[in-house]
Amino acid sequence: MRDQARLLDADDPETRRSWWIATASMLIIFVGWGAPYVVAVALKPIAADLAVPRSIPSFATSLAYIGSGVGGIVMGWWADRVGVLWPVLLGSLMVGLGAMVASGGSVWQLYVGYGLMVGLLGNSATFAPLMANSSRWFGRRRGTALALVASGQQIAGTVWPPIFRYGLDSIGWRATLIWYGVAALAIMLPLCAVLRHRPPPVSARVAAEEASRPAFPLGLPPNLVQALLCVAIVCCCVAMALPMAHLVAFCSDLGFAPARGAEMLSLLLGSAFLSRMLWGRLSDWLGGLRTVLIGTTAQAVFLSCYTFVDDLWALYGVSAAFGIGFGGIIPSYVLTLRDLFPASEAGWRIGTLLLFGLVGMAIGAWLGGYVFDWFAAYEPAFAIGVAFNILAVALVGALVLRGGRPRQSSLLAA
């Protein structure tokens, strides 16, 4: 057993540099993914200022998510060939400039700034490529490392909404976007220097292990497994996006101050961040797919609470519980792909999966505004989200029943 542990350590690519790269990746994601929260916090003022329904600014968030997903496949392909540095440099530049363009004060500028620049050319180069790149720097603690990198999104949701709430009250949503763009450029561009190193090569033993993997993961054709995971993550992310995009407006409609809604959003995403490392350790032990099932089930339970809870302190509690529930879902999906498929396919498979996840986020962000415009209430939207979530639980549960815990050696594939 001791000899086997030494052999595994020798094949594990993890070094001190691995954690520097993971930390820098997390910080880049944290800054870049602050942009959608400007709309989440300022949804009502933006709609009032532009004299449009709430579904119009909500759609800007949807465009950012869709653009990030579509562009992520191309950016992942580019990063596989030239390294992650140049794509992330481009993405960092586009996030900062896109926020400035979105501040112009018209619907088309909002859509171009968010959809084309922040989404398609910006965060597309920061999330999927950084997740794929980081996964190649770790072995046995890959789940923990992916949780750290992905937690940048949750830190963004914890830190940025109160800042944007203050900016909204002090200088308005347009100036807030401009100053966010300046901050993004000043922070993200220097961090890119940490990413200049390429991942270490795969050891001969790990390469042989990969070659011996079954041609049909979980006893199904590989692309069918990929397709089922993509459908599941869409359903999961539709439900996930509803509170993230509409919690501030929901609380305001219940009669609470907008600042309370911003605090709840920060609490939700802060809880997700604090729980994410625990989910990462759990996924290293149970495997990615089982962790996805547990997290998706918890998300469904706590999302349903938004349909009947209207007390302020109860909403704080539900928001914290919802954050804990979904905190580990996305990195566990990425780990699932690394558990089931060879490293040579990681770039495009991860990019494709995250595209569908972001499509789900886009649908959920838009759906909340659309359903509200019909019913003048958010409870029907939350109920629809629960239905999507239950479908995700069914799909992931069916895949779990077909397969057991991945072999530990597979976790070392770089």
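# Exercises on pockets, helix packing and backbone

Helix H5 contributes the most residues to the lining of the second largest pocket, namely four. The model is predicted, so local features need pLDDT of at least 70 and side-chain atom pairs pLDDT 80 or more, while totals for chains, interfaces and linings use all residues. Residues are numbered from 1 along each chain as its sequence is written, and side-chain values use heavy atoms, without hydrogens or water.

**Exercise 1.** Describe the second largest pocket by volume, lining and residue class.

*Solution.*
Step 1. Fix the term: on a 1 Å grid over the protein atoms alone, a pocket is an open set of points with protein on both sides within 12 Å along at least five of seven lines, and lining residues have an atom within 4 Å of a point.
Step 2. Take the volume, which is the space filled by probe spheres set on the points. For this pocket the value is about 290 Å³.
Step 3. List the lining. It has 22 residues, and Ala79, Asp80, Arg136, Arg198 and Pro199 lie nearest the centre.
Step 4. Assign elements. Helices H5 (55-82), H6 (85-102) and H8 (128-135) are the ones that each give two or more residues. Helices are DSSP runs (H or I, at least four residues) numbered from the N terminus.
Step 5. Sort by class. The lining splits into 13 nonpolar, five polar and four charged residues. Asp, Glu, Lys and Arg are charged; Ala, Val, Leu, Ile, Met, Phe, Trp, Tyr, Cys and Pro are nonpolar; the others, Gly among them, are polar.

**Exercise 2.** Find the largest cavity and the helices that line it.

*Solution.*
Step 1. Search the whole structure. Five cavities of 30 Å³ or more turn up. In a cavity a 1.4 Å probe fits but cannot get out.
Step 2. Take the largest cavity. Its volume is about 200 Å³.
Step 3. Read its lining of 17 residues, with Trp33, Gln153, Ile330, Leu358 and Met361 nearest the centre.
Step 4. Name the helices. H9 (142-191), H11 (222-253) and H16 (346-375) each supply two or more lining residues.
Step 5. Sort by class. The count is 13 nonpolar, three polar and one charged.

**Exercise 3.** State how H9 and H12 are oriented, and test one residue of H12.

*Solution.*
Step 1. Get the geometry. H9 and H12 (residues 258-286) pack at about 175°, with axes 8 Å apart.
Step 2. Classify. H9 and H12 are therefore roughly antiparallel (an angle over 145 degrees).
Step 3. Sort the contact residues of the pair: 14 nonpolar, ten polar and five charged.
Step 4. Pick Ser266, in H12. Ser266 is buried (under 20% relative accessible area, 1.4 Å probe, protein chains only), at 8%.
Step 5. List its contacts (heavy atoms within 4.5 Å). Leaving out residues up to four places away in sequence, Ser266 touches Gly157, Thr158, Pro161 and Pro162.

**Exercise 4.** Compare the setting of Leu218 and Ala376: which is buried, which exposed?

*Solution.*
Step 1. Recall the background. Most residues other than glycine have a negative phi.
Step 2. Check the angles. Leu218 has a positive phi of about 60°. Ala376 also has a positive phi, near 55°.
Step 3. Locate both. Leu218 sits in the loop between H10 (204-211) and H11. Ala376 sits in the loop between H16 and H17 (379-402).
Step 4. Read accessibility. Leu218 is buried at 16%. Ala376 is exposed (over 50%), at 61%.

Notes: Axes are lines fitted to C-alpha atoms, for helices over the stretch in contact, and angles run from 0 to 180 degrees between N-to-C directions. Angles under 35 degrees count as roughly parallel, over 145 as roughly antiparallel, 65 to 115 as roughly perpendicular and the rest as oblique.
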